[in-house]
Amino acid sequence: FDIFDTLLARPTGSPESAIQLFARHLASRRRLPCSAQAFSRLRFEAEHRCFANAGGLDSQVSLVRIYQDLALAVDIDPVQMARDEFAFEQRILQPVPAGVARLQAARARGHEIAFLSDMYLGQANIEPLLVRHGLFEPGDRLLVSADHAASKRQGTLFGKLLQATGLPADQIEHHGNDAHSDVLAARRAGLKVQAFDEGNPNRYERLLDRYSAATDGMAAGLAGAARLTRLSLPCENDHQRALT
């Protein structure tokens, strides 16, 4: 199972908007050396530089590394700032009911469970998140790109999973929301794929999210609230999903 936007989702329309909310949170506590808007812009520029310098490999980028890059432009403690962002992330993440239902159904069928994520947070950060929401159980596996020289996007993290389990690829079923990393790359690796896009923002939520910067993050909050409300409503068919 993929994790973010499959099992857990931020209450915003996009990851970028979550950083804007984090910046507002810090600004309200007077912990920023610049405006919240400037901080969020610099934070994303630092992230993009880190990924560019790593050749686009998720496995080479950590949250501390991003803030070390940002510290070249603003006066911050990279390690403390990374801790603060992760703590904020912990507070705002919410379960995706339909994704959790898939996970529970797989457990009920007796399947072994593994979680895979292309993320700049490592296993030491992500496993407690899964435990906190009742998703991780003893015997489960967790592979995160930040801890391995591999990623789902490149297809190599699936190879790590095959090595760890000793199973042939066609005996593994992968659930995830990203069209490239969770669908195309997983199929190329030979896995069975069950695409899951319910957790992705819909067109109305994406439209709201576009106005996040202009509304100082308020539109992002509305987009996130709309998404979490939509995900909490049971839908029996495509028509009901379209209405929500």
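**Reading a predicted chain, step by step**

Author: Let's begin with the whole chain, which is a predicted model. Of its 244 residues, 46% count as buried.

Reader: Thanks! How many helices and strands does the chain have?

Author: The chain holds eleven helices and six strands. Its radius of gyration is 18 Å, close to the 18 Å that the globule rule gives for 244 residues, so the chain is as compact as a globular protein of that length.

Reader: What box do the C-alpha atoms fill?

Author: Taken along the principal axes, that box is roughly 50 × 40 × 30 Å. You can also look at the outside: the accessible surface comes to about 12200 Å², and carbon and sulfur atoms account for 50% of it.

Reader: And which share of the contacts joins residues 24 or more positions apart?

Author: Counting contacts with a separation of 6 or more, such pairs make up 63%.

Reader: Now I'd like to look at two helices. How are two packed helices described?

Author: The general idea is to give the angle between their axes and the distance between the axes. Here, try helix α2 (residues 36-53) and helix α3 (residues 63-70): they pack at an angle of about 115°, and their axes are 8 Å apart. The crossing of α2 past α3 is right-handed.

Reader: Which residues meet there?

Author: From α2 come F39, L42, R43, A46, E47, R49 and C50, and they meet L63, R65, I66, Y67, D69 and L70 of α3. Sorted by character, the residues of this contact are eight nonpolar and five charged, with no polar ones.

Reader: Let me try single residues. Is G199 buried or exposed?

Author: The idea is to check the relative accessible area, where buried means under 20%. G199 has 0%, so G199 is buried. You can find G199 in the loop between β6 (192-195) and α9 (203-209).

Reader: What is G199 in contact with, leaving aside its neighbours within four places in sequence?

Author: Its contacts are D5, V96, R227 and L231. You could also find N177, 22 residues away along the chain: the C-alpha atoms of G199 and N177 are separated by 7.2 Å.

Reader: Where does G159 lie, for a second glycine?

Author: G159 sits in helix α7 (residues 156-165). With a relative accessibility of 26%, G159 counts as partly exposed, whereas G199 is buried. S181 is 22 residues from G159 along the chain, and their C-alpha atoms are separated by 13 Å.

Technical notes:
Residues numbered from 1 in each chain as written. Predicted model: local features only at pLDDT ≥ 70, side-chain atom pairs only at ≥ 80, totals over all residues. Heavy atoms only, no water. Axes fitted to C-alpha atoms, helices over the stretch in contact; angles between N-to-C directions. Helix = DSSP H or I, 4+ residues; strand = E, 2+ residues; numbered from the N terminus. Left-handed = near helix turned anticlockwise from the far one by under 90°. Contact = heavy atoms within 4.5 Å. Nonpolar A, V, L, I, M, F, W, Y, C, P; charged D, E, K, R; others polar. Rg over C-alpha atoms; globule rule 2.2 N^0.38 Å. Buried < 20%, exposed > 50% of the residue type's maximum accessible area, 1.4 Å probe, protein only. Areas by Shrake-Rupley, 256 points an atom, 1.4 Å probe, with all protein chains shown as cover.
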